[in-house]
Amino acid sequence: MTKQRHYEGSPSRMRKSIVGVLVVTVLLATISIYFASNRYFTQQETQSASSQMAFYLRELNDVLGQHQHLPFVLARNPRYFDGLNPIDVSVGINAQLSQLADQAGLEAIYAMDRSGVVLAASNAGTPNSFMGQNYGFRPYFQEALAGKRSDYFAIGATSGRPGYFVAEPANLASGTERGVIAIKLDVSELQRSWENDNEVVIAVNGDGVVVLASNPHWLYRPLGALPLSTQRRILESRQFGDQSLAPLAWTEKDAGRVGFEGQDYIVAQGAADWRGWKVFYLQPQSAIANQTFVATVVFGGFIALLIGFATFLRSLRIETAYATSERQRKALVETNKRLEQAQSELARSAKLAALGHLAASVTHELGQPISAFRNHLVAADIGGEITSRKTANSLNKLVDRMEAITMQFRYFARGKPDRKTDVLLADVLEESVNLLRSDIDAAGVALHVVQPLQDILVHGNKIQLEQVMTNLLKNALHAVGQVAKPQIYVDTEVQNSTIDIRIRDNGSGLGGANLKDLQEPFFSTKPSGVGMGLGLAITAEILRDHRGELKVEPSEAGAVFVVTLPIQGLST
């Protein structure tokens with residue numbers, strides 16, 4: 001005979017609590033994987049961005065630095081400039097400069113007189129020849145004529161091509177005439193290589209204007225609005241031709257991150273060797289999000305499969321273990337178990353709600369006497385009043401024991417000061433009301449709660465925020481204890497970036513006490529023997545830690561307490 005698998009009374013499915021635990025376990029594991037993956041890929045992409053930035057920075061320095069010495073050498077070589085006279089230029093000098101420019105791979109080499117007029121140029125005879133042009137308005141010419149070596153990036157006034165200019169003061173016509181020798185480095189090949197790399201990289205000059213970029217649409221635009229004086233100087237020198245200098249959308253965020261043209265990037269930057277230039281390498285944060293998503297799906301799915309398989313095996317074992325049980329007995333046992341669990345959780349919740357208040361009171365009451373006791377022991381020991389070392393040690397151990405006990409109470413008094421997270425305010429209010437539900441029902445109080453928008457988030461410790469609401473609701477319960485028709489109202493109101501939570505009752509009021517007095521430890525408007533007067537003190541301290549505020553609003557009847565908390569955002 002085939003063995004029947006499902007016996008009367010065997011469970012056909014796991015309890016919902018177990019399923020809930022398993023779901024929560026999978027969710028927690030997935031969340032942990034997400035944050036770990038995000039942190040890992042962020043570190044990897046940051047390191048990769050730094051490496052790539054160093055590569056582009058080195059490439060830029062090599063291009064700009066390879067011929068920096070040449071104007072200095074040419075300015076001191078009489079072979080080229082002894083025959084340069086503004087009135088009579090030696091025949092063949094242009095050909096010599098052209099041959100030298102071809103060998104060095106330069107776009108142009110040219111010499112100017114003291115007024116900025118080009119006397120000789122390597123591109124003489126070409127359609128965009130510099131011959132006869134006046135570049136006296138260029139800053140590099142003005143600095144070099146004053147006796148200072150100068151370098152400068154600009155769009156060519158004659159050719160319309162961008163280039164890097166390096167100039168040196170020179171003596172023309174055997175030292176009888178002052179002039180300037182300059183070279184123009186062609187950076188178009190470097191620009192093309194950056195455009196073809198399919199990466200996001202830019203180079204900016206000392207004014208913050210983009211001079212090289214992987215996207216040509218960003219060229220010659222500043223990362224931010226330029227001062228008027230800087231704009232005027234750039235326009236007067238025609239550094240970037242007729243460009244409008246419209247700023248790019250560049251926003252500095254937290255360390256290592258920027259918003260650029262509508263996207264978020266990880267940024268690595270480095271300073272070039274020339275003219276105060278900087279290179280920025282931008283790594284899209286979307287790449288991190290994609291990698292994190294894939295890792296979370298893969299590893300989260302793997303963990304879910306493992307837990308699912310383990311759960312399946314466990315369900316088989318449970319089914320076998322319960323196969324011989326009777327259905328009525330199982331139903332009764334399960335019902336009693338759920339009832340006992342519910343009663344235990346209810347009692348535990350009620351105890352925890354009172355334990356924080358009790359612990360704070362005990363800790364405060366015993367802390368000062370214990371400290372005084374220890375001070376007296378030390379003074380007595382120093383003064384030789386205690387002659388027995390054994391007695392002194394025993395008393396010190398006794399004080400240590402009392403301090404250890406108060407330290408344990410202090411743990412409960414502080415609740416659970418874990419790290420803060422984004423918390424749904426609606427959940428905090430609901431949990432606080434649930435903790436006091438039995439007291440509310442027993443007192444016959446009509447509680448009216450207007451829940452906030454379900455997607456409002458506050459940043460804080462959920463347990464501590466629940467303690468704030470619990471303390472204020474308990475105070476309201478005490479206040480309406482002697483009222484014929486006790487009423488408590490809880491409503492919320494959003495104020496820009498904060499939310500106000502009002503707890504209003506129709507009790508006896510505050511008896512003329514102000515908020516400062518109410519926040520003082522052990523100050524209470526309640527009858528003798530009801531509370532220790534620490535609830536509002538603890539509440540105010542928790543709110544200060546959460547960048548919130550506790551206020552009292554005037555009311556004709558009862559009391560109105562207002563809790564103000566900053567809104568973190570909206571849940572999605």
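## Report on Thr292, a nonpolar patch and a six-strand sheet

Thr292 lies in helix 8, which spans residues 285-321. The model described here is predicted. Thr292 has a relative accessible area of 0%; since buried means under 20%, this residue counts as buried. Leaving aside residues up to four places away in sequence, the contacts of Thr292 are Tyr34, Ser37, Asn38 and Phe41.

One of these contacts, Tyr34, also belongs to a nonpolar patch on the surface. The other members of the patch are Val19, Val23, Val24, Leu27, Leu28, Ile31 and Phe35. Together, the patch residues have about 710 Å² of accessible area. Val23 sits in helix 1, residues 16-65. Its relative accessibility is 43%, and because partly exposed covers the range between under 20% and over 50%, Val23 is classed as partly exposed.

The two residues can be set side by side:

| Residue | Relative accessible area | Class |
|---|---|---|
| Thr292 | 0% | buried |
| Val23 | 43% | partly exposed |

For the chain as a whole, the model has 15 helices and 18 strands. The chain contains 572 residues, and 38% of them are buried. About 31,700 Å² of the chain is exposed, with 54% of that area supplied by carbon and sulfur atoms. Among contacts with a separation of 6 or more, 60% are between residues 24 or more positions apart.

Six of the strands make up an open sheet. Reading across the sheet, the order is 7-6-11-10-9-8, and the pairing is antiparallel. Strand 7 (210-213) and strand 8 (250-252) are the edge strands. Each of them has a single partner strand, so one side of each has no neighbour in the sheet. From one strand to the next, the twist averages 35°.

At the strand 8 edge, strand 8 runs antiparallel to strand 9 (residues 257-260), and 3 bridges join the two. Thr251 has Gly259 of strand 9 as its bridge partner. Helix 6 (residues 188-196) packs on the sheet, where it touches strand 6 (200-204) and strand 7. The direction of helix 6 makes about 55° with that of strand 7. Strand 7 thus has a single partner strand in the sheet and is also touched by helix 6.

Terms used
Residues are numbered from 1 along each chain as its sequence is written. This is a predicted model: local features need pLDDT of at least 70, side-chain atom pairs count only at pLDDT 80 or more; totals for chains, interfaces and linings use all residues. Side-chain values use heavy atoms; hydrogens and water are left out. Helices (H or I, at least four residues) and strands (E, at least two) are DSSP runs, numbered from the N terminus. Buried means under 20% relative accessible area, exposed over 50%, partly exposed in between (1.4 Å probe, protein chains only). Contact means heavy atoms within 4.5 Å. Accessible areas come from the Shrake-Rupley method with a 1.4 Å probe; for residues, only the protein chains shown count as cover. Patches are made of residues with over 30% relative accessible area and no salt bridge: like charges are joined within 9 Å, nonpolar side chains (Val, Leu, Ile, Met, Phe, Trp, Tyr) within 5 Å. A salt bridge is a side-chain nitrogen of Lys or Arg within 4 Å of a carboxyl oxygen of Asp or Glu. Two strands pair if DSSP finds at least two bridges between them. Axes are lines fitted to C-alpha atoms, for helices over the stretch in contact, and angles run from 0 to 180 degrees between N-to-C directions.
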